[in-house]
Amino acid sequence: MECAFCTSGIDHCHGTLVVHPDGGFAECTHGSCADLDRVRHALIIDCHTVDAECSCTLAVEVEAELRQAS
């Protein structure tokens with residue numbers, strides 16, 4: 001079975017884009033992925049789906065708590 005995007009020549013990635021909630025950081029599970037644009041990825045998940053203790057998730061939660069406390 002061939003990938004429809006590959007046979008059509010459409011620029012895409014076969015990896016999963018892992019997006020961090022800080023909005024400025026993403027990473028791909030495909031080792032050779034050079035372009036982290038959301039358009040190129042069919043699979044996009046938040047980092048807390050993979051790692052509930054991701055440091056960026058904790059930082060966003062702490063920042064939100066501090067804003068509520070002030």
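Trainee: Why is C3 not counted as bonded to the closest cysteine sulfur, in C6?

Mentor: A disulfide is defined as a pair of cysteine sulfur atoms within 2.5 Å. The sulfur of C3 lies 3.8 Å from that of C6, so the two are too far apart for a bond. This is a predicted model, in which local features need pLDDT of at least 70 and side-chain atom pairs count only at pLDDT 80 or more, while totals for chains, interfaces and linings use all residues. Residues are numbered from 1 along each chain as its sequence is written, and side-chain values use heavy atoms, with hydrogens and water left out.

Trainee: What about C13, and how many disulfides are there?

Mentor: C13 is in no disulfide, its nearest cysteine sulfur being that of C28 at 3.6 Å. The structure holds 0 disulfides.

Trainee: Why is C13 called buried, and what is C3 called?

Mentor: Buried means under 20% relative accessible area, exposed means over 50%, and partly exposed is in between (1.4 Å probe, protein chains only). C13 has 8% relative accessibility, so C13 counts as buried. C3 has a relative accessible area of 24%, so C3 is partly exposed.

Trainee: What makes the contact of R40 and D11 a salt bridge?

Mentor: The rule asks for a side-chain nitrogen of Lys or Arg within 4 Å of a carboxyl oxygen of Asp or Glu. For R40 and D11 the distance is 3.1 Å, N to O. The count by this rule is 1 salt bridge.

Trainee: Where do R40 and D11 sit in the chain?

Mentor: R40 is in the loop between β2 and β3, and D11 is in the loop between α1 (4-8) and β1, 29 residues apart. Helices (H or I, at least four residues) and strands (E, at least two) are DSSP runs, numbered from the N terminus. R40 is buried because its relative accessibility is 12%, whereas D11 is exposed because its value is 52%.

Trainee: How do you know that β1 and β2 pair?

Mentor: Two strands pair if DSSP finds at least two bridges between them. β1 (residues 13-19) and β2 have 3 bridges, in the antiparallel sense. One bridge partner is C28 in β2, facing L17. The open sheet has 3 strands in the order β2-β1-β3, with mixed pairing. Its edge strands, β2 (26-28) and β3 (41-46), each pair on one side only.

Trainee: Which residues does F25 touch?

Mentor: F25, in the loop between β1 and β2, touches V18, V19 and H20, leaving aside residues up to four places away in sequence. Contact means heavy atoms within 4.5 Å. At 42% relative accessibility, F25 is therefore partly exposed.
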